[in-house]
Amino acid sequence: MVCLSRRDLGLLVLRVGTGAVLAAHGAQKLAGWFGGGGIQGTTAAMEAMGFHPPKHSAVAAGLGEAGGGVLLALGLATPAAGAAAAGAMAGAVAVHAPAGFFAQGGGYEYPAFLGFTAAAIGLSGPGRYSLDEVTGHVLDRLWVVALAFAGSAAAAAVVVGKRAKGQAEGQDDEA
């Protein structure tokens, strides 16, 4: 007889809910679903927000959200999924940071919450009710956690730093 675990059920609900939200956000960017702009609209938005090259940034953000979200929901390659989604949300936080914390004023509250939640799931693991469990955790090893989060942090730092530098240079040109 299999005993249901409240912890594993909680992780399942958290993974599926967070993954679905992230996947929907990514689908807006990549495919234009759910009222999104698709690649063309997201590319234009990325350019307006100061991300260069804008099309690469649009694809990366969309894949980080959609791919990370789907993998989180499935509980497959959970460390990489959490890291990818958290990295994508770091870029969104950088965009919204000038508006302050709260979402009602355009702040970074929502993307920060999604990023922290994705990171927490990636670090804690998917629980028993996951594809990582079915595959013997072959993609959920300690080295995967370290590599995924280090790579995501480095990529986010480069992208956000490059955007900040471009914005500072643009302000210098205006002065």
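Contact here means heavy atoms within 4.5 Å. Keep that in mind as you work through these exercises on a predicted model.

**Exercise 1. Helix H2**

Task: Find which residues of helix H2 are buried, and work out where they lie around the helix.

Solution: Start with the stretch itself, residues 38–48. Its buried residues are Gly-38, Thr-42, Thr-43 and Met-46. Next, look down the axis of H2: these buried residues fall within an arc of 150 degrees, so they line one face of the helix. Now turn to the other side, where Gln-40 and Ala-48 are exposed. Then ask what the buried residues pack against: helix H1 (6–31) and helix H3 (54–74). Finally, step just past the end of H2, and you meet Gly-50 with a positive phi of about 95 degrees.

**Exercise 2. The largest nonpolar core**

Task: Identify the residues of the largest nonpolar core and the helix that gives the largest share.

Solution: Begin with the members, 9 residues in all: Leu-22, Leu-72, Ala-81, Ala-85, Ala-88, Met-89, Leu-114, Ala-118 and Ile-121. Helix H4 (78–96) and helix H5 (109–124) each supply at least two of them. The largest share, 4 residues, comes from H4. Zoom in on Leu-72 next: leaving aside residues up to four places away in sequence, its contacts include Leu-22, Ala-81, Ala-85, Ala-118 and Ile-121. Another core, of 6 residues, lies apart from this one, and among its members are Ala-86, Val-145, Ala-148 and Phe-149.

**Exercise 3. Salt bridges**

Task: Locate the 3 salt bridges of the whole structure and decide which residues form a network.

Solution: Take Asp-8 as the starting point. At 5% relative accessibility, Asp-8 counts as buried, because the cut-off is under 20%. Asp-8 pairs with Arg-7, their closest N and O atoms being 3.0 Å apart. Arg-7 is exposed, with a relative accessible area of 52%. Asp-8 also meets Arg-128 in a salt bridge, at 2.7 Å from N to O. That pair links distant parts of the chain, with Asp-8 in helix H1 and Arg-128 in the loop between H5 and H6, 120 residues apart. Now move to Lys-29 and Glu-65, whose side chains meet at 3.0 Å, N to O. Lys-29 lies in helix H1 and Glu-65 in helix H3, so this pair ties together parts that are 36 residues apart in sequence. Both Lys-29 and Glu-65 are buried. To finish, look for shared partners: they join Arg-7, Asp-8 and Arg-128 into one network.

How values were computed:
Residues numbered from 1 in each chain as written. Predicted model: local features only at pLDDT ≥ 70, side-chain atom pairs only at ≥ 80, totals over all residues. Heavy atoms only, no water. Core = buried A, V, L, I, M, F, W, Y, C linked by side-chain atoms within 4.5 Å. Buried < 20%, exposed > 50% of the residue type's maximum accessible area, 1.4 Å probe, protein only. Helix = DSSP H or I, 4+ residues; strand = E, 2+ residues; numbered from the N terminus. Arc of directions from axis to C-beta. Salt bridge = Lys/Arg side-chain N within 4 Å of Asp/Glu carboxyl O.
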